[in-house]
Each structure stands twice: as structure tokens, then as C-alpha cells.
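Student: Could you take me through one part of this structure closely, and then show me how other parts compare as topics of their own? I would like one connected answer.

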Amino acid sequence: MPRDYLDTLESEAIYILRETAAQFERPALLFSGGKDSITLVHLALKAFRPGRLPFPLVHIDTGHNFPEALAFRDRLAVALGEQLIVRYVEDTIQSKNLQDGTGKFASRNALQTHTLLDTVSEFAFDACIGGARRDEEKARAKERIFSVRDEFGQWNPKLQRPELWQLYNGRIHKGENVRVFPISNWTELDVWRYLEREQIALPSIYFAHERDVIEYESQLIAVSPFIRLDPSDQITRRRVRYRTVGDMTCTAAVASEAATIADIIGEIACTRISERGETRIDDRVSEAAMEDRKKNGYF
Amino acid sequence: MDLLRFITAGSVDDGKSTLIGRLLYDSKSIWEDQLEAIERQSKRRDNGVPDLALLTDGLRAEREQGITIDVAYRYFNTVRRKFIIADAPGHIQYTRNMVTGASNADLIVILIDARHGVAEQTRRHSIIASLLKLPHVIVAVNKMDLVGYAQDVFDGIVTAYSGLARELQLPPVTYLPISALQGDNIVKRSAHMSWYEGPSLLELLEEVSLAGISEALPARFPVQYVIRPQTETLHDYRGYAGQISSGTFSVGDHVTILPSGATTRIARIESGAQQLQTACAPQSVVLHVEGEFDISRGDLIVPSGALPTLQQELSSLICWMDVKPLLKGNRYLLQYNTFRTPVVIKALEYRLDVNSLDRETTPDRIELNEVVRARIKTAMPLAFDRYTGNHAHGAAILIDESSNATVGALMLETEAV
């Protein structure tokens, strides 16, 4: 019986989530309110219900998040009756006297790693489950499903463990932790098709809506208190949606009329630009931007 | 639409990266911004096509040194199938990386340079494919443009390889002539080789049958996680979660729990919130059994009429993946599905030369990237199947308990004692 490929991907992801729960003492699921982590939560429910999730949902709030995504995050945690832990980059900046980002699109991307590592040690998490996919970026294509990090969260691509068959080795030394990526083998389109098939609810910003934006290097950036408006910026009201949901300072919108997930899939099938290329300002810095961030403890 | 995982074997010089780049490019799986990025880097350009090999070089060290460090995974799909390519480098640490990439593959594409024919490394790739028992083998004779698209060159390579395939007892091999650089027979059939009447590589990949390989085998269910909500409404709920390794389970089946040997029947099968009558590999499900048993992670649920071998001494082929050598008497942790047990290496029976298949008996040490047949003893009895009969349920890894590294890939064998 040929099985639908989404069933195969789902089954693999559930297996990985159960391996994580079985092999680690204190795992956590990193949850941002974005579509990939929403997919992870849905898979976790399939893996562990009618029991409770064997890990809390953890969000590192940069303070620059979309309010719609935060509201969705809070509603979902309450609806599921699961524990949600939120830690704020703002608090890390205050307590450690760190320099906040500057410039037009002041990014807290690098600062986020500080808060993440502090949270990992505060709760002694030994595994952090994330929604990263190998199709997103070239450096991600080489990362394992169980990716061992040292106590600085650093990724060493030359010292990865071989990952054979479906045998995941989660043994670590004290102080180390593992980043687990259950949807490594999914593409952006696979995630959308799965969200559609499973009728999974998403924050409203994924669908077309009216928004004040400025156009910057041919990308549409939402007007928000977190970006610096210059006199030359032209504010226009456009019909847009978000293809990914990160910080308001580094995520661009795309012009869209999509009202349903089916419409979004149709639009993605026509576009010729990658998810990160179209919507992430932070990857444009250099050819190896992602690789460098991962080596420094980023997801 | 289903899913096919395959591995490409060949060195940089065989045009492997170009082939993968071509598959991604011609199936329109490359985004424009990614193309622009490689066009900026691309020093050489052939007839308007960017250097497709650059698409698969991921890390800075690789770009700087022009090498590939590790197995990378690439994704593309057509309307018929989703494909996952394991891209293993062609030179350093080849055995380790190729075994890793091949361990999850349904199919291997072996690239042969039309100018050089069956080379030593072709032999090595084929031997590894035969050790891992990959069910489908495609031999793609590349760079046909450099030999004038000549049929006799292709025919000569087919004849030479057929002998090797017989010697290695490979499954039936499919041959095709290609030029990855020019796009001949990759996605579309080539206009340059009218003498070849078969399908293009992509057509072949779309048509390979994946049906029934694992479902027809005896059913195996390694218990992965026990779900016990212990709430008032679900006081008696006790579900055994896991992924079916092989075969099919149905409600009412008589089953045996190993290693205890207790027998019972399947009471319920759940997937998400759904109740199923039947479930098969590779579904992740929750099984419930009749009666109360002490079942935990690492136990195995199997049909009572098709029991696996249960023993403490066994032989295994081991591909060694660590810089520290494997020595007789060494102790490791064996991970086999969801079961872990300490093991000791009792004997190194023979080293298998992956270039020649020659056997060197009783070697005193095994180094990185070597393959050995060893005798091991487990601390607890192991309920296992032979890898040759059941891939999903005959493979294991060794873990070094001091470094926690994964150091060996095992293909288990039984043997009359």
C-alpha cells in the first residue's frame, strides 16, 4: 500500500519526539507562535495524548514579536492546558547590561542567543526541540536531527555524530545539551500541506490583511515602534501576509490576496524566491550568516 | 504522492554535485535568490548554466577548500513523489559517510565517468551498496558528451559492471547514459542518444516501486514510550507508543512480549485520536494489549508465530566510525531500536576490504572507515533479526560510553553456534 508522503513524515517526526521524551531528563519545546513550531505542537499532541506533553513550551520573547503571534501563543497554551515558559530578551539586556541593537532595523537576533542559553541553564534543559528544517538554508542541510551543543550552545559541524538508520544517540556529558529537529526532512511546502490537511489554526498574520508598510530594498517591512522611520520612507497601506514569523524588525511581508492555506500553497507554488530570501533580512548579511549564528549557539 | 530516499555515489570528478544540482535545477526546486547567490560566486559558466555544483556546498570551510565535509540532505519533489537525496562526499572518510547516507536510502545512484569506466571507487561504492542491501541500484554513466555520446562506450561499461553486480549479488541493476552538465537524460530524454530508448533518470526515480518491501516481513514493534496519563478519567489507560519497524499488526493478533516471553493479544491500536483495526510499518502508533503486564521501553512486541532470535552472543558486520581503533575486549553500549545494553567485543573474525572484498582473518585492530566481522556478547539477551532479512530490524549502533560518540554501525547476523 503506497502511503502518502505526509504520513511518512508525520510518523518520523512523532518517533523523534518520543525518542526525545524517552532519552532526556528535561526536554523543552521551543515555541514561537510561528507555523513550524505550531506544527511541532500538533505532532507532539499526536505523540503523547491522552497523556500530558512530557515537556514545557518555551518562548524566548525578543520584545519585537508580532502581537498576533504572542496572543496566539498564549491562547494555544491555555487551550491545551500545557505549561508555557516565557523569558524576555529585554530582561537579559537589563540584567547583563548588554548593548541593544541599533540602526534602522535594530535586531535582537544575536541577543536572543544569550536569553536562550540562560533559559537552558535556569531550567537545566538537556534537550531543546525546534522547528528548523534542512531546506531552509545551506548550513542547516548538514545538521543532524539530534544536534549536540556544548555549554555555550555551539555547533561544531566537523564533530557531528553519524546518524544511522533511525538510531538517535542522545547521550551527552554534563553541561552539554541537544537541539532536536523533528521536521528536519520537511520542506516549506510540506509544512503548508500538512497544516492544510490537519486543519491546524494559525495566527492571522499568515493570511492576507491590510497593513502600513515601507518598502526597503524591495522588501515590505511593517511600520512598528521597533524600526526607525526616516524622512525618505514612504508609508503605504498594502494587502500583505507573512510567509515566516520572526521579529517585526527582520521579517518582511509579501504582497498577497491569500485568505486560506490553499491560496497560500497556490501562491508559493508560483513564487520563485525562497522563504528566507523573501522574508528574512538577517540572512542577507553574508554568505555564511546562518552558519556563523549556529556556531555561536543560535538555532 | 509518496516518498523516495536515495543516495548518490561518486567522487567530485564524476560530476555528482553537478548531477544533484541539475536534478534540483531542472525540477525547478532552486529558488531564484539561491541561484543568484551561486551565480555571484560562479567563476566558470558553461553555456549560460551556473556552476550547479555550488548549490550543494554548504559550509564556509567547504567553499573555501572546495570539498564536502559531511552528508548533506537535499529535497525536491515532482507531482508524483517527494525525494530526499543523501549527498555523501566522495573522498575523505568515504566509507563512514556513505554508510551513514545509505542507511536510510531505498535506492542508490552510482555514477561512472564514461571516460574511465568501472574504476576502483565504483567497486567500493558497489560493495558498500551490497553490504547495506540497498533494494534498488541505478548505474548512471555520466559525461557521455565527452565521449561523443557513443553507444559502444556505454555498452562496454554495462558489460563490465554486470560482472561486478553478479559477483556482489546486487539486485537487478538499471543502466542509463547521461550528461549531468548538459542535462542529457536527467529530467528529459536526450536528443543526442537516440540509441537509448529507456526513461530519463527522473522518470526512473518516479517509477521505482516501493510497495510492500517492509510490510511483508514479520511484524516488529519496539516499545518506545509508555503513555500513562494516570488521571481520574483515564486511570487504567496504559498505551505502548512506538513505530512499527516491519510488518503489520491487527487488533486480536496473538503476540509475544520479549525478552519476558509473556503472551497476550492486541486489544487496541491508536494513531492520534483514531482507532485503527490494522497498522503497518513505518506507522507510529500506540498499542494496547489484553491483561496487565510489566512492559517498558526497550521491550519488543512480535507475533507469537514469528519470533526473532533471542541470544547473547552474535556476529555482526561493523563499519568502524571512530578515530580510536576497535580492539578485541573493548566494551561499548549497543543501541538497537529502543533498547540499550552493554556489549563486549569477543573476537575480530575478519577485516573486509571494501575495495576488493578480500578477507583478512583475525586482525588485531580495526581503524576508522574499516569494515570488520566481529563476535559480540551482550549483557542482556537481544531479540533481533538478521540485517540481510530485515533492514529496519537488523541494524544497531555502538556508542563509546566515555566520549558518547557513535562509533560503529552494525548489521547484525546470526550464526549456528
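Tutor: Here is a walk that begins with one helix of chain A and then moves on to chain B. Please keep in mind that this is a predicted model.

Let us start with helix α7 of chain A, which covers residues 261-270. Four of its residues, A:I261, A:I264, A:I265 and A:I268, are buried. Viewed along the axis of α7(A), the buried residues fit within an arc of 100°, so they line one face of the helix. The general background is that an α-helix has 3.6 residues a turn, so residues three or four places apart point the same way. What do the buried residues of α7(A) pack against? Their partners are in chain A: α6 (188-197) and β9 (235-242). On the face turned away from the buried side, α7(A) carries the exposed residues A:A269 and A:C270.

Around this helix, chain A has a secondary structure of 9 helices and 10 strands. The chain has 299 residues, and 63% of them count as buried. If you take the contacts in chain A between residues at least 6 apart in sequence, 74% join residues at least 24 apart.

Since a cysteine has come up, here are some others. A:C128 has a relative accessible area of 0%, so it is buried, the cut-off being under 20%. In chain B, B:C280 is buried as well, with a value of 7%. Over all chains, the structure holds 0 disulfides.

Chain B also offers a charged side chain to look at. B:R351 sits in strand β19, which runs over residues 339-352 of chain B. Is B:R351 buried or exposed? Its relative accessibility is 17%, so B:R351 counts as buried. The side chain of B:R351 makes a polar contact of 2.7 Å with the side chain of B:E370. Leaving aside residues up to four places away in sequence, B:R351 touches several others, including B:D358, B:E360, B:P363, B:I366 and B:V371.

A helix pair in chain B rounds off the walk. Two packed helices are described by the angle between their axes and the distance between the axes. For α5 (residues 120-131) and α6 (residues 151-168) of chain B, the angle is about 35° and the axes are 10 Å apart. The contact involves B:T122, B:R123, B:S126, B:I127 and B:S130 from α5(B), and B:Y161, B:L164, B:E167 and B:L168 from α6(B). The crossing of α5(B) and α6(B) is right-handed.

Conventions:
Residues are numbered from 1 along each chain as its sequence is written. Chains are lettered from A and ligands numbered from 1 in the order in which they are written. This is a predicted model: local features need pLDDT of at least 70, side-chain atom pairs count only at pLDDT 80 or more; totals for chains, interfaces and linings use all residues. Side-chain values use heavy atoms; hydrogens and water are left out. A disulfide is a pair of cysteine sulfur atoms within 2.5 Å. Buried means under 20% relative accessible area, exposed over 50%, partly exposed in between (1.4 Å probe, protein chains only). Helices (H or I, at least four residues) and strands (E, at least two) are DSSP runs, numbered from the N terminus. The arc is that of the directions from the helix axis to the C-beta atoms. Contact means heavy atoms within 4.5 Å. A polar contact is a pair of N or O atoms within 3.5 Å; within protein, one must be able to donate a hydrogen and the other to accept it, and residues adjacent in sequence count only if both atoms are side-chain atoms. Axes are lines fitted to C-alpha atoms, for helices over the stretch in contact, and angles run from 0 to 180 degrees between N-to-C directions. A crossing is left-handed if the near helix is turned anticlockwise from the far one by less than a right angle, and right-handed if clockwise.
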